[in-house]
Amino acid sequence: MTVLHYAEIAKDVSAMTVKPNLLDIERERQGWSWDRAKAGLDLPNGLVNQAYECIDRHAAGQRAQKHGMIWEGADGKVERYTFAELKRHTNRFANALRTLGIKKGDRVFFFADRIPELYFGVFGALKLGAIAAPLFSAFGPEPVRERVQRAEGVVIVTTPNLVAKVNAIRGQLPSLKHVIVIAHRQGKPVASGDLDYQRLVDAASDQFEIERTGQEDWSVMHFTSGTTGMPKGAAHVHGAVLGHLATGKYVLDLHDDDIYWCTADPGWVTGTSYGMFAPWSNGVTNLIYEGGFGAAKWYQVIQRHRVTVWYTAPTAIRLLMRAGAKVAKQHDLSTLRYVMSVGEPLNPEGVVWGKEAFGLPIHDNWWQTETGAIMIANYLSMPIRPGSMGRPFPGITAAILDDEQNEITAPMVEGQLALKPPWPSMFRVYWNDQERYNSRFKRGWYLTGDKAKRDADGYFWFVGRDDDVINTAGHLVSPFEVESVLIEHEAVAEAGVIGKPDAVAMEIVKAFVTLHDGYEPTNELRRQIMGHARERLGPGVAPREIDFIKILPKTRSGKIMRRLLKARELGLPEGDTSTLEED
Ligand code: AMP
């Protein structure tokens, strides 16, 4: 029954140099117990703190002198930190925050590139019981304002190259008490009124008693885009670390001597769950590369640091494919034993190309901000069906539901992808929006907002989003957030924003705007509007294309019909337009 465009990729576990932690997915599923999985954590006195489980317990044991972090800067400079050093750095920042009066539950935002202090800062905040909320450094001032305001952030930790964006909006953030600037790496002065990270930590003790946090205490917050309205703050709890530990062990297949590299930025959930918590809860050396994408550069990073396990994204894979397998072969990538990707559908061609370039197929897996950890995966020991996201993690029940939330059991029938709550890393709330949170749960299921199919053997196949959210290079963008900024421009009357399919980034942000009377749809005006959007939203969120149109299609109740804009853009049938107000 299964439709395969590419032949299944069989696995020969006996030929693998490292024996996978998960050998038989079905057996693991039948015997699975989250309680038993807890044996991999310390949980002193029944408490759980992600920073303790990821850093301090290793610093107190045999891994104290093991490198927890290898950092390579954008300029090629390398720094290494043992777990014992990570403990001291994070303790200092926790003390610094405490001295400033920051307390358990306060929201501490991080708006910085991938530098070591970002990691010290996040774990310092977690030790204090504060909620760590990292933001993507490519954001413009507007997404920063929206998120800090929504979560009533108390602190923003940033760097001199980004502080101007904070300055542009700080007058609109009444909750904000402190801006801490990590200045020493850029050799720039800290403006009066702001706090110098280095001075704060220099004055702080490297001893810290971790706040007593339990399983349900808040830990991190990530903002994610939904069907309507502005991005919402999905808040997670310290108990989520059990999910990171278990998926780190069984999906990422982490072993003690691995050198692991996750290319995601901590501004997105993959960059915390798998760029911090999964490797460190497993006591594994975590490579962090500050620089951006570059095929040869990335291969040099793998070669230089002898990376064994690599977790990246489909857009990156497609760019690597474009650069060609030859570039890969010019490097010594022989240490690599396992490659995975997440964030968007991975084309079957990409899975197979991995074999050509690295001698390793690429393993797709699926999850989202709200799930906190990987839910569906292609495991190292399991045959891959190229184009499929794989099968649910042992402790997870996934299903395909129809519109009434009845389970569809027939194979390869499209429906809503749903998960059976609870699981340890599940988000616990959309910050200040309980109603919206509740709306994600129906008839005993968590509704993911994705459409998928399941084949007769239990492999899940991604079909598409069930809403208007745009997925550009693995980053979700809310059309509403972009539209709101576009209509700030004096010439723009209304705006409708869609994801336009793109061969590399999956989708790009495309806007349709109508103009106020007196404005002409010229290229110069298009450039101006584009410039406004880039300045306010940042290059990762702003539209890459803007079309002028006369009328935006809307429903009778006034909602922009993005679905119709998209159908027209793609020359597809317009579907049900009975609610259309336009004509
Ligand atoms: P985020 O919450 O930003 O991590 O985005 C999660 C969304 O990205 C999912 O709901 C999917 O729409 C998409 N996504 C993540 N992983 C995959 C995958 N392996 N295949 C297809 N779509 C994915």
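Of the 583 residues in this chain, 60% count as buried. Keep in mind that you're looking at a predicted model. Its secondary structure comes to 18 helices and 27 strands. The radius of gyration is 24 Å, close to the 25 Å that the globule rule gives for 583 residues, so the chain is as compact as a globular protein of that length.

**The whole chain**

- Picture a box of roughly 70 × 65 × 50 Å along the principal axes: that's what the C-alpha atoms fill.
- Take the contacts between residues at least 6 apart in sequence, and 70% of them turn out to join residues at least 24 apart.
- About 22,700 Å² of the chain is exposed, and carbon and sulfur atoms supply 48% of that area.
- On the charge side, there are 68 positive and 71 negative side chains. The centres of those two sets lie 3 Å apart.

**Helix 3, tucked inside**

- Helix 3 covers residues 50–59, and nine of its 10 residues are buried, so the rest of the structure largely encloses it.
- The buried list isn't just one kind of residue: among them are Ala51, Cys54 and Ile55, but also Glu53, Asp56, Arg57 and His58.
- What covers these buried residues? The cover includes helix 4 (83–99), helix 5 (116–128), helix 9 (241–250) and helix 10 (269–281). Strand 8 (218–224) and strand 9 (232–237) are part of it too.
- Look at the start of helix 3 as well: a side-chain oxygen of Asn49 reaches to within 2.8 Å of the backbone nitrogen of Ala51.

**Asp194, a buried charge in a loop**

- You'll find Asp194 in the loop between strand 6 (178–181) and strand 7 (195–196).
- Is Asp194 buried or exposed? Its relative accessibility is 12%, and buried means under 20%, so Asp194 counts as buried.
- Its side chain has a partner: a polar contact of 3.0 Å joins Asp194 to the side chain of Arg170.
- Leaving aside neighbours within four places in sequence, Asp194 is in contact with Val163, Val179 and Val181 as well as Arg170.

**Helix 11 and the loop after it**

- Ala295 sits in helix 11, which runs over residues 295–305.
- With a relative accessible area of 13%, Ala295 is buried.
- Not counting residues up to four places away in sequence, Ala295 touches Leu320 and Ala323.
- How far apart are the C-alpha atoms of Ala295 and Asp457? They're separated by 36 Å, and the two residues are 162 residues apart along the chain.
- Now move on to Arg306, in the loop between helix 11 and strand 12 (309–312). Arg306 has a positive phi of about 55°, although it is not a glycine.

**Backbone oddities further along**

- The peptide bond from Pro421 to Pro422 is cis, with omega near -5°.
- Pro422 belongs to the loop between strand 18 (415–419) and strand 19 (429–430).
- Arg443 has a positive phi too, of about 45°, and it is not a glycine either.
- To spot Arg443, go to the loop between strand 20 (441–442) and strand 21 (445–454).
- Arg443 has 58% relative accessibility, and the cut-off for exposed is over 50%, so it counts as exposed.

Key: Residues are numbered from 1 along each chain as its sequence is written. This is a predicted model: local features need pLDDT of at least 70, side-chain atom pairs count only at pLDDT 80 or more; totals for chains, interfaces and linings use all residues. Side-chain values use heavy atoms; hydrogens and water are left out. Helices (H or I, at least four residues) and strands (E, at least two) are DSSP runs, numbered from the N terminus. The radius of gyration is taken over C-alpha atoms; the globule rule is 2.2 Å times the number of residues to the power 0.38. Buried means under 20% relative accessible area, exposed over 50%, partly exposed in between (1.4 Å probe, protein chains only). Contact means heavy atoms within 4.5 Å. Accessible areas come from the Shrake-Rupley method with a 1.4 Å probe; for residues, only the protein chains shown count as cover. Lys and Arg count as positive and Asp and Glu as negative; His and the chain ends are not counted. The place of a charge is taken as NZ of Lys, CZ of Arg, CG of Asp or CD of Glu. A polar contact is a pair of N or O atoms within 3.5 Å; within protein, one must be able to donate a hydrogen and the other to accept it, and residues adjacent in sequence count only if both atoms are side-chain atoms.
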